Amino acid sequence: MMRVTLVSSVLVLSLSGSVFAQEWEEFVSKDERFSCNFPGTPTITETTWTSQFGAILPARVYSGTQGTGRFSIMVVDYNPIQRLLSERSMSCTPGAETCQGIHDWGLGYWKNDVRGAVTYASSKFLQRDVKVVDVMANFADLVAGQELQLTSNKDQSRIFASIYMHDNRLIVLEATVPRNYPPPTIFQQSLSWLDENGTRIRYNNINHNEPDVPTPRIRGR
């Protein structure tokens, strides 16, 4: 069963010279091992995600609104991918690379699917009807990721995406705000990671979620 904790906080934002109070909350998911500021209690939707090499993976989308802004966090569980792609590789053409199970990429390319998850998720944003404003590498408590800033060609709204891979989970933060709104910094920069006990952690070294390679971390930060 999914365990969720909400801790209330009040934050003040400024927009176009006027100051107004908006209530946000720290959303904590112990099962999916992250926390992030969110505009109230999110709506949770169960869905699926098709990986780059065709694995159908379980996913959840946490969504909500604040004024005319829309905010969502998608979490995709990549833990089943080794089993799914290894099983599928059993029926591939004899001699094909996907059948060989070479250590560097794994049966069915499952290791490459994990390694490329952030890049693949980023490509989905670039396929939209948008103008690319900025693409940059980023880190959240030393977990490596990608940030994108886009403008919708339809209504000129601003799209801010932050994408990370942590503990074999793909985390995609997406905020869409009107063209004159400031960046949703309170949402983007609040992401933190939790261990199996729900304690906040920070890594000693940059974490790229490389298959089979553990990364040292600091607990209780």
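A search of the whole structure, which is a predicted model, finds nine salt bridges. Several of these pairs offer a convenient way into the fold for a reader meeting it here, beginning with the one formed by E174 and R128. The side chains of these two residues meet with N and O 2.7 Å apart. E174 lies in strand β10, whereas R128 sits in the loop between α4 (117-126) and β7, so the pair ties together parts that are 46 residues apart in sequence. The two partners can also be set side by side in terms of accessibility. E174 has a relative accessibility of 15% and counts as buried because that value is under the 20% limit. R128, at 35%, counts as partly exposed.

The surroundings of E174 fill in this part of the picture. Strand β10, which holds E174, runs over residues 169-177. The link to R128 also appears as a polar contact between the two side chains, again at 2.7 Å. Leaving aside residues up to four places away in sequence, E174 touches R70, F71, S72, F125, R128, I159, F160, A161 and F187. R128, the salt-bridge partner, is thus one of the residues that E174 touches.

A second salt bridge brings together the side chains of D141 and R200, with an N to O distance of 3.2 Å. D141 belongs to the loop between β7 and β8 (143-152) and R200 to strand β12 (residues 200-203), so this pair ties together parts that are 59 residues apart in sequence. With a relative accessible area of 13%, D141 is buried, while R200 counts as partly exposed at 31%.

A third pair consists of D167 and R169, whose closest N and O atoms are 2.8 Å apart. In this salt bridge the acidic residue, D167, is partly exposed, with a relative accessible area of 29%. R169, by contrast, is buried at 13%. Elsewhere, salt bridges that share partners join E32, E46 and R60 into one network.

The backbone deserves a look as well. Most residues other than glycine have a negative phi. Against that background, D141 comes up a second time: its phi is near 50°, a positive value in a residue other than glycine. The residue is found in the loop between β7 and β8, and it is the D141 that forms the salt bridge with R200. N209 likewise has a positive phi, near 50°, and is not a glycine. N209 lies in the loop between β12 and β13 (217-219). With a relative accessible area of 9%, N209 is buried.

Finally, the surface carries a nonpolar patch of about 240 Å², made by L126, V132 and V135. V135 is found in strand β7, which covers residues 130-140. V135 is partly exposed, with a relative accessible area of 42%. Strand β7 therefore serves as a useful landmark in reading the model, for the loop holding R128 lies between α4 and β7, and the loop holding D141 lies between β7 and β8.

How values were computed. Residues are numbered from 1 along each chain as its sequence is written. This is a predicted model: local features need pLDDT of at least 70, side-chain atom pairs count only at pLDDT 80 or more; totals for chains, interfaces and linings use all residues. Side-chain values use heavy atoms; hydrogens and water are left out. Helices (H or I, at least four residues) and strands (E, at least two) are DSSP runs, numbered from the N terminus. Buried means under 20% relative accessible area, exposed over 50%, partly exposed in between (1.4 Å probe, protein chains only). A polar contact is a pair of N or O atoms within 3.5 Å; within protein, one must be able to donate a hydrogen and the other to accept it, and residues adjacent in sequence count only if both atoms are side-chain atoms. Contact means heavy atoms within 4.5 Å. Patches are made of residues with over 30% relative accessible area and no salt bridge: like charges are joined within 9 Å, nonpolar side chains (Val, Leu, Ile, Met, Phe, Trp, Tyr) within 5 Å. Accessible areas come from the Shrake-Rupley method with a 1.4 Å probe; for residues, only the protein chains shown count as cover. A salt bridge is a side-chain nitrogen of Lys or Arg within 4 Å of a carboxyl oxygen of Asp or Glu.
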